[in-house]
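Thanks for making time this morning. I would like to take you through one structure, beginning with a small detail of the backbone and then widening out to the sheets and the interface, so please have the view open in front of you.

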Amino acid sequence: MARQLSLVRSDRDTENEPSGHQENIVEGTLVEAVNLALRHEMSRDDSVVILGEDVGANGGVFRATVDLREQFGPLRVLDTPLAEGLIAGLSIGMATQGLRPVAEIQFMGFIFPALEQLVCHAARMRNRTRGRLSCPLVVRVPFGGGIHAPEHHSESTEALLAHIPGLRVVVPSSAVKAYGLLLAAIRDPDPVIFLEPKRIYHAEKQRIHDNGQALPLDTCFTLSQGTDLTLLSWGAMISDCREVVTKMAERDIAIELIDVATLKPLDMETILTSVRKTGRCVIVHEAPRSGGVGAEIAAEISERALLDLKAPVSRVTGFDTIMPYARSETVYMPNTRDIEHQIENTLGFG
Amino acid sequence: MRGRHRFAIPFFRYLDEEGRPEDSLPLWTRDHDLLKAIYESMVLTRTFDQKAIALQRTGQLGTYPSTLGQEAIGTCIGLAMAAEDVLVPYYRDSAAQVLRGMGWEEILLYWGGDERGGNANIHSRDLPVCVPVATQLSQAAGVATAMTIKGHAGATVVTCGDGATSKGDFLEALNVAGVWHLPLVVVINNNQWAISVPLDQQTATASLAQKAIAAGIDGVQVDGNDAIAVYDALNNALEKARHNAQATLIEAVTYRLSDHTTADDASRYRSQDEVRKNWQHEPILRFRNFLHGLELWDVEQEQALLQNCQKTVDAGVDKYLAQKPEAPEAMIDYLYEFVPASLESQREAIIAKAASLNKNHQGA
């Protein structure tokens, strides 16, 4: 008897479209880039399977998986029961058997039941079987504030994940980056947590070359060259940083903006090369200040480039408090004025 | 008020405590080689268990969880499963793991604190033992989902203890197995104790098998000390998984005759009297009596078997003790497929530190 997952609800599910792919330039937003990358990789590789809450008929609450079930069928786009720990556990089981699951956790505030699976199993499977089994899975997680969402829908807890050996933590900062980094994440042989900055999901359309070209993981991207100060950030805050860099350029201040992009493992070489050149560094992140990824970067710089520094490394971050609800969220969020202000302080030091 | 649905949990036992058939036996029991194989594996498992505890007591093994009294479960899982099935074990399944190709030395390596004991056999898709309680159930559901997606003909078998049934992962996995019709067999080793907490403090339900009902899958309870009942339940559940894509929960009712692990002292929380009583129900003597009844076993065979088991276990112990520690940089080398550039300097630091520890050790 043929086995059947009882997920079929729509007649459209059976109409598999041909999935031939040629180079295609698409004007798209970040969330559309995610969809394009998923579609590209599912066409290229039959082992790529999507699972999560509402990813099927609904196409995801942010529409990141829209139309994928129609194209690839219910066996490759699985609406799971509502249980995040299960989603992570299922992904691990599938990954050990040769599939490449791409799971969606609806909001970062709901990832915590999945942490045990990710930390105790996904991150360790290769190590504890001495390479016999591995977990080539991706967990996509919309994160961050700024969209006036309800409680538990705006957190930035990337540092919790970036602390775990065996995981990769990747954060795209634009549509083009999302496309290339997500392809790389899916093809990576190890577990990748892919944090999608939902504040900029629809912010800007970019020309995306839908050609299957992945971007490198474990590498920072230098977005603007400069000699006066190194500005480090990731995710949605890159947009704010860009604005500041442009404004500063009008005042003849040349800022080197670096998109850290992969928080684990961290490419300190690119950062150190830049800081040795500029002697000044400001780190920007939305997450709370203490124990954030910025603290790790600052510690590395102080250990390895102290004598090149002309000013203390400083941070522009969220506060060490619970993410406030929508009415106060703008007070919490770092903004372009905070960044500008800190850059001026750092430039004026000494 | 009328009930809308009524449920019953079937209970299976074929051998009474003296090993006499209570009922007509399943057809497969005519395979006398299989009956002997069941017995031999249970005895081998107990021989190993005694040796492992002795190794721990003499400082040659770390903390070890005994399988004493629960040998029928691992044995029947190992013998009932086909090669193409996948086992997702917890930490009292060494019998099943060894029957599926692991060496006893690997089991010892794991509990002796060496990652190479993580079922590193390159040909297997079985998962390594799971220490965090119940997380293996969701993973097993994922393994079974992969089988479904790939049109694989096999089934997935996952095990857990009675304590695991209190965890969300247990219920989440049963739930998805029902919704997705997964080829999954869940075996609970209900040995009555989760470290010091007895079953009646774990659940108010009359059985653990009935937890299947809420997930829409079949639940059966068997006498876990009757290897005929355990094997038969597994056989039926595996058939249903493979051919009808239906999941089954099997509750094997047994008793933990040992401490939880070698780090535990069960005399703190349960009476010797209770343990003594439960020795009356243990699976090995019962099965030997059964084989005697069929005239399939005699004293000479028993002696030969005990000698063979000792030899097999000693060979495993020798291999384990002869194994040199792994190169220390292995702790970095298996984190990712390729060592990230950012970890190179820590990798070198590990090599240097290990060398200096060695030197100090030799100098001392």
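Let me start at A:Pro265, which sits in the loop that runs between strand E12 (262-264) and helix H9 (268-278) of chain A. Before I say more about that residue, please keep in mind that what you are looking at is a predicted model. The peptide bond leading from A:Lys264 into A:Pro265 is cis, with omega near -15°. There is a second backbone detail in chain A, at A:Asp67, which is not a glycine and yet has a positive phi of about 70°. A:Asp67 belongs to the loop between strand E2 (48-52) and helix H2 (68-72) of chain A.

Two of the strands I have just named, E12 and E2 of chain A, are also members of a sheet, so let us go there next. In chain A, seven strands make up an open sheet with mixed pairing, and their order is E3-E2-E4-E5-E7-E6-E12. At the edges stand E3 and E12 of chain A, each of which pairs on one side only. If direction is ignored, neighbouring strands in this sheet are turned against each other by 20° on average. At the E3 end, E2(A) and E3(A) are paired in the parallel sense over three bridges, and there you can find A:Leu51 standing opposite A:Leu78 in E3(A).

Turning to chain B, we find an open sheet of six strands, ordered E1-E7-E8-E4-E3-E2, and here the pairing is parallel. Its edge strands are strand E1 (11-12) and strand E2 (86-88) of chain B, each pairing on one side only. E1(B) is joined by two bridges to strand E7 (residues 218-223) of chain B, the two strands running parallel, and within E7(B) it is B:Gln221 that serves as the bridge partner of B:Phe11. Which strands does helix H2 (residues 71-80) of chain B touch as it packs on the sheet? They are E2, strand E3 (156-161), strand E4 (184-190) and strand E8 (248-253) of chain B, and the direction of the helix makes about 165° with that of E4(B). Helix H7 (residues 227-244) of chain B packs on the sheet too, touching E1, E3, E4, E7 and E8 of chain B, with its direction at about 160° to that of E7(B).

That brings me to the interface, where 47 residues of chain A are in contact with 57 residues of chain B. The area buried between the two chains is about 4200 Å², and carbon and sulfur atoms give 59% of that area. Three salt bridges are counted between chain A and chain B, including one in which the side chains of B:Lys167 and A:Glu116 meet at 4.0 Å, N to O. Across this interface there are also 16 residue pairs in polar contact, with both residues at pLDDT 80 or more.

As for what chain A brings to the side that touches chain B, strand E3 (77-79), helix H3 (84-96), helix H4 (112-122) and helix H5 (125-128) of chain A each supply at least two residues. The largest share, eight residues, comes from H3(A). By type, the residues on that side of chain A divide into 21 nonpolar, 15 polar and 11 charged.

Notes
Residues are numbered from 1 along each chain as its sequence is written. Chains are lettered from A and ligands numbered from 1 in the order in which they are written. Side-chain values use heavy atoms; hydrogens and water are left out. Contact means heavy atoms within 4.5 Å. Buried area is the accessible area (1.4 Å probe) that two parts lose on being put together, summed over both. A polar contact is a pair of N or O atoms within 3.5 Å; within protein, one must be able to donate a hydrogen and the other to accept it, and residues adjacent in sequence count only if both atoms are side-chain atoms. Helices (H or I, at least four residues) and strands (E, at least two) are DSSP runs, numbered from the N terminus. Ala, Val, Leu, Ile, Met, Phe, Trp, Tyr, Cys and Pro count as nonpolar, Asp, Glu, Lys and Arg as charged, and the others, Gly among them, as polar. Two strands pair if DSSP finds at least two bridges between them. Axes are lines fitted to C-alpha atoms, for helices over the stretch in contact, and angles run from 0 to 180 degrees between N-to-C directions.
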